[in-house]
Amino acid sequence: MPVGRTWAVSLLGLEGAIVEVETDVSSGLPRFTIIGLADRAISEAEGRVRQAIANSDCTLPPQRITVNLSPAGLPKNGTAFDLGIALSCLAATGAVPAESITRVVHAGELGLDGRLRPTPGILPIVRAAQRAGRATVMVPAANQAEASLVPGIEVVAVDSLRAAAIWHGAELEPGHPVLEATAAPPRLPPAPLELGDILGQEDAVEALVTAAAGGHHLFLLGPPGSGKTMLAERLPGILPPLSTAAALDVCSVRSLGGERVGASLDTVPPFESPHHTATAAAVVGGGSGLIRPGAVARASHGVLFLDEAPEFARVVLDCLRQPLETGWITIHRANAIARFPARVQLILAANPCPCGQYGAPESSCQCPPSAIRRYFSRVSGPLLDRIDLQVTVRRVSSATMRNADERPVSTTAAARARVIEARERAGHRLRGTPWSLNAHVPGSWLRSSSVALSPAVLRPLDRGLERGALTMRGYDRVLRVAWTLADLRGADRPDLDDVSRALFLRKGISS
């Protein structure tokens, strides 16, 4: 009998590799063998494939059947290989034209009755097939909407193995409609929260707008009830909508995590807030078998909020240091390396001490100095050095509330308009470069002759560097914030006030 050949995709993180699925039927004792560094889920595909083929009115001969997944040294995992394995078996027995399945990439999990179940990771699978130059992908009907989000590729949606075989030219009767495989409802984007609900925190709101305009990280320090969580939750609402490429990345991570993706791209920046008991694997991703994305990857192109940051394990917080610099999470295993996007805006929130009352004029703190030192020692200096804006948030008094009622309120719509205008100005300045946000511009470029600021403007930064109050990384980050402040006020270049304000927002240092 001829060898049946078709194609599937093996995912490592969000990156996929094309896998050739080939089946040979030879004489010998009846046995079904799958080779090619397959995981447990693929090794168990024999039972699903055999029963699905039998319940689709097809037969497998009582001979030795060998399925090879090539390249053999590439790890393969997940149940999305079921459809490709089943069709290559049918092609090897002559039930399906072999030349038809060789031009299609197949992905989908089979049920025992031949149904195609909704399968996690269909969107990154289709994107990988499109990047590899493939023209047609066959997916479960329940995943048709998310697969169709990828432009430039033909998506064939089928609800069963029988329907897939008929599409390829098998001489089968259509049969009775199978029970439709159900999937979780698509995720609905949350309604943006109103920034005008925050009263009496003008400095903190302005820091939030600055963070949004430049893509900067933010640290909020203040007693309980001062509004740190309210501020963080309103950052996604003032961010611009995601670009098509960023929205595809966000939806791909959700698809890989098992969430259903709707028929249209969600352009609302994501917001993730893991609990302080989360492990390092839950935050950055991992897993012993299939490597799953963590909270950082799910928050990519959006906001990662760590409330009560000193309550997180120090190892969890230190795992964020490399992703904040590179914009990627790289997870190494003995036989594979998976990468996930990690271009997030990090917001840390913390109380000033374990009891939360240190420095509050209306309360007294009972924490000994050693307890306060232990409390903040979990947030390491290298991590804080990567935070551009560090703001103290104080409780709102009744007098402040009365004064706030008489001042104009900064609404979400108005703040978003300011952010979009500032980003457009930065994008125009950075045209022709690999960067679009001030937070992503390297310091060497900011200090180059074309955009370098005068020594008089940089004097506060130079003094902070000489006194040891700033590292060189911190020096560059203050420069980035200064450019963002200039963009917000419509200036072509930062002046001394912008640099001094940026320095104060980072360290609370006056010039």
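**From a buried arginine to the largest pocket**

Arg48 is found in helix α2, which covers residues 45–54. The model considered here is a predicted one. Within it, Arg48 has a relative accessible area of 14%, and because the cut-off for a buried residue is under 20%, Arg48 counts as buried. Its side chain reaches the backbone oxygen of Ala41 at a distance of 2.8 Å. Once neighbours within four places in sequence are set aside, the residues in contact with Arg48 are Ala41, Thr79, Asp82, Leu110, Gly111 and Leu112. Ala41 thus appears both as the residue whose backbone oxygen the arginine side chain reaches and in the list of contacts.

The strands β2, β3 and β4 may be taken next. Strand β4 (residues 64–70) pairs with strand β2 (residues 15–26) in the antiparallel sense, through seven bridges. One of the residues involved is Asp24, whose bridge partner in β4 is Thr66. Strand β4 also pairs with strand β3 (residues 31–35), here in the parallel sense and over five bridges. In this pairing, Arg31 has Arg64 of β4 as its bridge partner. Strand β4 therefore has an antiparallel pairing with β2 and a parallel pairing with β3, given that two strands pair if at least two bridges are found between them.

A further sheet is open and consists of five strands in the order β11-β14-β17-β10-β18, with parallel pairing. Its edges are formed by β11 (271–272) and β18; each has a single partner strand, so one side of each is left without a neighbour in the sheet. For β18, the pairing with β10 is parallel and comprises four bridges. Within it, Leu221 stands opposite Thr392 in β18.

These two strands lead on to the largest pocket. Where does its lining come from? The elements that give two or more residues to the lining are α8 (202–214), β10 (218–221), β18 (389–392) and α23 (496–507). Of these, α23 gives the most, with five residues. The pocket has a volume of about 470 Å³, and 20 residues line it. Those that lie nearest its centre are Gln390, Val391, Thr392, Val393 and Phe504. Thr392 is thus a residue of the pocket lining as well as the one that Leu221 faces across the β10 and β18 pairing. By class, the lining comprises seven nonpolar, six polar and seven charged residues.

Notes:
Residues are numbered from 1 along each chain as its sequence is written. This is a predicted model: local features need pLDDT of at least 70, side-chain atom pairs count only at pLDDT 80 or more; totals for chains, interfaces and linings use all residues. Side-chain values use heavy atoms; hydrogens and water are left out. On a 1 Å grid over the protein atoms alone, a cavity is a set of points where a 1.4 Å probe fits but cannot get out, and a pocket is an open set with protein on both sides within 12 Å along at least five of seven lines; lining residues have an atom within 4 Å of a point. Grid points are joined across faces, edges and corners, and a volume is the space filled by probe spheres set on the points. Ala, Val, Leu, Ile, Met, Phe, Trp, Tyr, Cys and Pro count as nonpolar, Asp, Glu, Lys and Arg as charged, and the others, Gly among them, as polar. Buried means under 20% relative accessible area, exposed over 50%, partly exposed in between (1.4 Å probe, protein chains only). A polar contact is a pair of N or O atoms within 3.5 Å; within protein, one must be able to donate a hydrogen and the other to accept it, and residues adjacent in sequence count only if both atoms are side-chain atoms. Contact means heavy atoms within 4.5 Å.
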